[in-house]
Amino acid sequence: LPRAKSILESALEDCRKVFADDHPELLVAISNLGMLLDEMEEHQAASLLLKEALEGSQRAFPGGHRDLLSSMSNYGLHLSEVGELEAAEKLMRDVVVQIEEQEQEAVACTYQSNLGSILEDQGRLDEAERWMRKALYGSRHLLGEADPSTLTFLFKLSRILLELDRATDALPLATELVQATGPQDAAWQERKDLLAKIESRI
């Protein structure tokens, strides 16, 4: 991650020299570094960048534009990461409503999953399950069973069901998930560990 941070910082510095404040390529560079900093738990710096990207996108793009919705989603996930869950939920619901109105179903899956994750963080597990099932259903049909997004949604739904003390319901999903991947997959061990937890609760 430190190496990636250095690369993205350099890329952003170059973009700031070349592009106007609201140029799409600059906004992408700002968002990319902000999301990485969030992952590295440098939340204060991440907040400044992701808010800058959102405000720039609001100026640069019309309502409903996919780049604006992406910036809204990124900032919503950041708010969730720092515990501002109500604000995160409000922003993500706005994204989901707009993307569903446009009938962009393949893109909607990701935002539906993001909303489900925020609701999970709030402990609203029944609502989280509904949104994650919706994301998984769309991803299976539009992207395929083996698509990385489908597998991510399978993992998240299995985890939510386990939190709901519904290990029996989670078991076939987690089993499918592990069988669909192998040791070469970076997330395989985490998926195996989740399956083991589920099996221990049955």
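Which residues line the second largest pocket? In this predicted model, the lining is made up of E100, E103, Q104, E105, A108, C109, Q112, K134, Y137, G138, H141 and L142. Two or more of these residues are given by each of α6 and α7 (125–142). Helix α7 provides the largest share, with 5 residues. By class, the lining of the second largest pocket comprises 4 nonpolar, 4 polar and 4 charged residues. The volume of this pocket is about 160 Å³.

The largest pocket encloses about 430 Å³ of space. Its lining consists of 15 residues, of which M35, D38, L77, H78 and E81 are the closest to the centre. At least two lining residues are supplied by each of α2, α4, α6 and α8 (148–163). Helix α4 accounts for the largest share of this lining, again with 5 residues. The lining of the largest pocket contains 4 nonpolar, 5 polar and 6 charged residues.

Helix α4 spans residues 66–81, 16 residues in total. The distance from its first C-alpha to its last is 22 Å, close to the 22 Å expected at 1.5 Å a residue. The buried residues of α4 are L68, L69, S71, M72, S73, N74, Y75, G76, H78, L79 and S80. Among the elements that cover these buried residues are α2 (24–39), α3 (43–60), α5 (85–101) and α6 (105–121). H78 thus appears in two settings: H78 is one of the buried residues of α4, and H78 is also among the residues closest to the centre of the largest pocket. After α4 comes G83, which has a positive phi, near 90 degrees.

Helix α6, which supplies residues to the lining of the largest pocket and to that of the second largest, also contains L115. L115 counts as buried because its relative accessibility is 0%, under the 20% cut-off. Leaving aside residues up to four places away in sequence, L115 touches E89, M92, R93, V96 and W131. Of these contacts, W131 lies 16 residues from L115 in sequence, and the two C-alpha atoms are 7.0 Å apart in space.

Note on methods
Residues are numbered from 1 along each chain as its sequence is written. This is a predicted model: local features need pLDDT of at least 70, side-chain atom pairs count only at pLDDT 80 or more; totals for chains, interfaces and linings use all residues. Side-chain values use heavy atoms; hydrogens and water are left out. Helices (H or I, at least four residues) and strands (E, at least two) are DSSP runs, numbered from the N terminus. The expected span of a helix is 1.5 Å times one less than its number of residues. Buried means under 20% relative accessible area, exposed over 50%, partly exposed in between (1.4 Å probe, protein chains only). Contact means heavy atoms within 4.5 Å. On a 1 Å grid over the protein atoms alone, a cavity is a set of points where a 1.4 Å probe fits but cannot get out, and a pocket is an open set with protein on both sides within 12 Å along at least five of seven lines; lining residues have an atom within 4 Å of a point. Grid points are joined across faces, edges and corners, and a volume is the space filled by probe spheres set on the points. Ala, Val, Leu, Ile, Met, Phe, Trp, Tyr, Cys and Pro count as nonpolar, Asp, Glu, Lys and Arg as charged, and the others, Gly among them, as polar.
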